[in-house]
Amino acid sequence: FVWYASSSLGEQGTPSSLAISDMDGRVTSLVFETQDLDLATLEGALTFSAPSSGEASIDSYAAFLAESATGLNRWQVGNLSVGDTMSVSLSGIAPSTYTHFVVYSTSTDGDEQTTPAALSFSDAALSYRASSLTFSDQDLDAGELGGTVAWTAAQVDAQVSEYRLYLAEDGNGLNKALQATVTSSSPLEHGASADTAVGAYSHWLVYSASSQGEQTTPLGLEINDTDGTVSSVQFADLDPDAGELA
């Protein structure tokens, strides 16, 4: 903002000014903690942190399910005052047409913000999936695998009790065969023994699992089968005697 003083002789050349400070009252770190890693049923806790700008002008927060990130057809599931534990419990709710969690902040003047913080159900489910799946085939025979399969823990891993590693015939788990079960507290890797047959398998897959079962959608990596067979081998015999080589 700028203010110019003026007189009968005109407007001053140098104004007074005040910098605009636009507060972002949206909550941060929005997470849905659940044992149902696919969110087929909304059973768990929606947690979040205070706005990055602080809570000096915030009175309360309201949590909703909605059909969009902007709060379309929202349905309220919780209300919290500043100072409360920032967690809203949900129990046995079918997602129906809802696709997002949204949280609105309300100021001490009673004004609700227009743009909420939002977390889509699909992103919430994705946060339970492992990442960065790697494998380098150390078995040099075509059609055979050997080496270390490794991956990184899910972004939200408190609800993940274990990861299950499979070989499968596609990235969706066709005819998958379990290779290892690794608890979330262990090193997230598996040493595939040499001479592991590739057969019809084309992918490594890692599924996150909780006490309620295995997540439907895995993290996948297409198999790169190393073939160490040399090619174009040639030998020209320079020894004219039969039965001898040189």
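A salt bridge is a side-chain nitrogen of Lys or Arg within 4 Å of a carboxyl oxygen of Asp or Glu. Keep that in mind as we tour this structure, which is a predicted model.

**Salt bridges**

By this rule the model holds 4 salt bridges. Three of them are set out here.

| Pair | Closest N to O distance |
|---|---|
| Arg-164 and Glu-162 | 2.8 Å |
| Glu-112 and Arg-74 | 3.0 Å |
| Arg-164 and Glu-214 | 3.3 Å |

Look first at Glu-112 and Arg-74, whose closest N and O atoms lie 3.0 Å apart. This pair ties together distant parts of the chain: Glu-112 sits in the loop between S10 and S11, Arg-74 in the loop between S7 and S8, and 38 residues separate them. Glu-112 has a relative accessible area of 36%, so it counts as partly exposed. Arg-74 is partly exposed too, at 35%.

Now find Arg-164, which appears in two rows of the table: it bridges to Glu-162 and also to Glu-214. Arg-164 belongs to strand S14 (residues 162-168) and Glu-214 to strand S18 (residues 213-214), 50 residues apart, another link between distant parts of the chain. Arg-164 is partly exposed, with 22% relative accessibility, and Glu-214 is partly exposed at 23%. Together with Lys-176, the residues Glu-162, Arg-164 and Glu-214 form a network of salt bridges.

**A strand on the inside**

Which strand is largely enclosed by the rest of the structure? Strand S7 (residues 58-66) is, because 8 of its 9 residues are buried. S7 pairs with strand S10 (residues 100-107) in the antiparallel sense over 8 bridges, and Leu-65 stands opposite Phe-101 in S10. S7 also runs antiparallel to strand S8 (residues 75-81), joined to S8 by 6 bridges. There, Ser-60 faces Ser-81 in S8.

**Two nonpolar cores**

In soluble globular proteins, nonpolar side chains tend to be buried together. The largest nonpolar core here has 25 residues, and those with the most contacts inside the core are Phe-32, Leu-42, Leu-65, Leu-90 and Phe-101. Several elements each supply at least two of its residues, including strand S5 (28-34), strand S6 (42-49) and helix H1 (121-126). The largest share, 4 residues, comes from S7.

Leu-42 is a good place to zoom in. Leaving aside residues up to four places away in sequence, Leu-42 touches a list of partners, among them Phe-32, Leu-65, Leu-90, Phe-101 and Phe-121. A second, separate core has 23 residues, including Phe-135, Ala-154, Val-156 and Val-160.

Terms used:
Residues are numbered from 1 along each chain as its sequence is written. This is a predicted model: local features need pLDDT of at least 70, side-chain atom pairs count only at pLDDT 80 or more; totals for chains, interfaces and linings use all residues. Side-chain values use heavy atoms; hydrogens and water are left out. Buried means under 20% relative accessible area, exposed over 50%, partly exposed in between (1.4 Å probe, protein chains only). Two strands pair if DSSP finds at least two bridges between them. A nonpolar core is a set of buried Ala, Val, Leu, Ile, Met, Phe, Trp, Tyr and Cys residues joined through side-chain atoms within 4.5 Å. Contact means heavy atoms within 4.5 Å.
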